[in-house]
Amino acid sequence: MSFSDMPVDVGPVYEGERIRANQMYVELGGPKIEKHFELVRVKSPKEIKDGQVILHGPDIKDMKEGERYPIGILVEVAGPELEEDLEAVFERRIHEFCNFVNGIMHLNQRYTNWMRISKSAFEKGLNSFDMLGTILIRLYKAELPIIEQAQVTFYTDAKEIEKPYDMALEIYNKRDERARTIHDEDVDMFYGCVLCQSFAPTHACCITPDRTSLCGSINWFDARAAAKVDPKGPIYEVPPGECINELAGEFSGVNEMIKKRSLGEIERIYLYSGMEFPHTSCGCFEAIDFYIPEVNGHGIVDRNYGEVAINGLPFSAMANQTGGGKQMPGFNGVSIQYIASPKYQKYDGGIETIVWMPKAVKDRIGELLPQDLLPKIATEEEVQDINQLKDFLKEKGHPVVETWAELEAMEEEEEEWIEEGAMVPMGTVGMTIPGVGGAGGFKVILKNCKIHAESIIIKKIEPKRRKK
Ligand code: SF4
């Protein structure tokens, strides 16, 4: 496969390339554009024309520098061995293949896709979707030989994208509905995925019926189909092995897998916990499950939520904490679909610990959550800060309120120990960091943890002097 006719290089070496706002020629999709999507469909050979690239809307060369535009990418593929179950897995490769192009940055998936084309790539001549479509078609056919024919359609016009966008949402919903029909105990095989290791080298997803991939785009059926057609590919079988802890979702086979795939960095995973040995997060998660110590509950914030969440942090700040392939108790990347799973963070108390989520997420998955709990979960429409959240939860009788008395008693006891100069036991330590997060600082509660450090160095960061 050659790309010598293209104005920019193409290859895995460019994966992970970042294009900052000041380097971009145009932005496509992303959080500031209402409708955008990417979708792969399996077709019969008669329905598509191999190698064809179609564009509905302005081409790159007709776009205004520095502007944002909608982007819809529809890849249609054909081949005698193709089946519908493979669509989602092929679709996830759009992310990888776009990132192979020097001068294109692609983030996220499905209806959260977000791309940038760099000024330097545009100046070199990457000025048409015809080139990007041709690159995608060549990569699809070369990397996935069971694809014999491929056609790509781009939508960059706000009106033209409407219909295909609705169609894409319908297809995503159908895939999600199907995924909800089986559970972890019904199967004897899980699956792993390392497609995101170019961004987060220690991250590997474990995909089970109850825990769809955190990017939300690959469910258990999709992963099964992918591992069947390409067993040595980035999606592979993970025999669960012995169930070590049913409540936490700890399996010997999953531990072995993560140890091997993270090169020994991560040793254990609790599939159903965001607080203890949580599943690692790359950077593609649809949402973040975050612990709110003041109410002993959890919040959910999704990638589309543009305001600060109830803990005072925007999604982007929490995403920095959560991603990168680390295990970060209290910040866990999840798919929206997983929130509706009966296994949802079961080890931490399950769905009954959820106290806040954006209204858009609540509207989307509300009918799948326990109906008696639903009115007790606050959104940005009811509460704006933690004090209002506390009052709301008390008024609605949210189940977490029952845990507060115990928590308060523990905190009072600890305050007494501190006042009397006694040594604070290892279990729960509260400390206030002055001058951070406002006049009163913030409280860090370390629950049931052991910390060993040879030394702690606290340095004051002096503002950099401006050069004269
Ligand atoms: S988030 Fe997980 S499942 Fe999705 S592409 Fe990345 S590694 Fe694969």
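Strands β6 (residues 104-107) and β7 (residues 114-118) pair in the antiparallel sense, with 4 bridges between them. If you would like one pair to locate by eye in this predicted model, take H106, whose bridge partner in β7 is M115. Together β6 and β7 make a hairpin with 6 residues between the strands. In that turn, look for N108, which has a positive phi of about 70°.

From the hairpin, let us move to helix α1, which covers residues 87-99. Its 13 residues should span 18 Å at 1.5 Å a residue, and the end C-alpha atoms are 19 Å apart, so expectation and model agree. Is this helix enclosed or open? Because 11 of its 13 residues are buried, α1 is largely enclosed by the rest of the structure. Among the buried residues are E87, E91 and R92, along with V89, F90, I94 and F97.

Helix α3 (residues 129-143) can be checked in the same way. For its 15 residues, 1.5 Å a residue gives 21 Å, and the end C-alpha atoms are 21 Å apart, which agrees. The buried residues of α3 include F129, M131, L132, I135 and L136, and G133 is buried too. And what lies over them? The cover includes the strands β3 (53-56), β5 (72-78) and β8 (149-155), as well as helix α1.

E87 of α1 also leads us to R41, a residue of strand β2 (residues 37-42). Setting aside neighbours within four places in sequence, R41 is in contact with E76 and E87. With 19 C-beta neighbours inside 10 Å, R41 counts as partly exposed, because 20 would be needed for a buried residue. R41 also shows how the chain folds back on itself: I171 is 130 residues away in sequence, yet the two C-alpha atoms are 9.7 Å apart.

Stepping back, we can follow the division of the protein chain into domain 1 (12-177) and domain 2 (180-285 + 323-348). The centres of domain 1 and domain 2, taken over C-alpha atoms, are separated by 26 Å. Where they meet, 17 residues of domain 1 are in contact with 17 residues of domain 2. On the domain 1 side, α1 and α4 (162-179) each supply at least two residues. The largest share there, 5 residues, comes from α1. By class, this side of domain 1 has 10 charged, 3 polar and 4 nonpolar residues.

The ligand has a rather different set of surroundings to explore. Which of the 13 residues around the ligand come nearest? They are C193, C196, C205, S213 and C215. Sorted by class, the shell around the ligand has 10 nonpolar, 2 polar and 1 charged residues.

Two backbone details round off the tour. N296, in the loop between β14 (287-292) and β15 (297-302), has a phi near 55°, a positive value in a residue other than glycine. N296 counts as buried because 21 C-beta neighbours lie inside 10 Å. Further along, the loop between α8 (336-339) and β17 (354-356) holds Q345. Although Q345 is not a glycine, its phi is positive, at about 35°. Is Q345 buried or exposed? It is buried, with 26 other C-beta atoms within 10 Å.

Definitions and conventions. Residues numbered from 1 in each chain as written. Predicted model: local features only at pLDDT ≥ 70, side-chain atom pairs only at ≥ 80, totals over all residues. Expected span 1.5 Å × (residues − 1). Buried ≥ 20, exposed ≤ 12 C-beta atoms within 10 Å, placed from the backbone. Near = placed C-beta within 6 Å. Nonpolar A, V, L, I, M, F, W, Y, C, P; charged D, E, K, R; others polar. Domains from an automatic or database assignment. Contact = placed C-beta atoms within 7 Å. Pairing = 2+ DSSP bridges.
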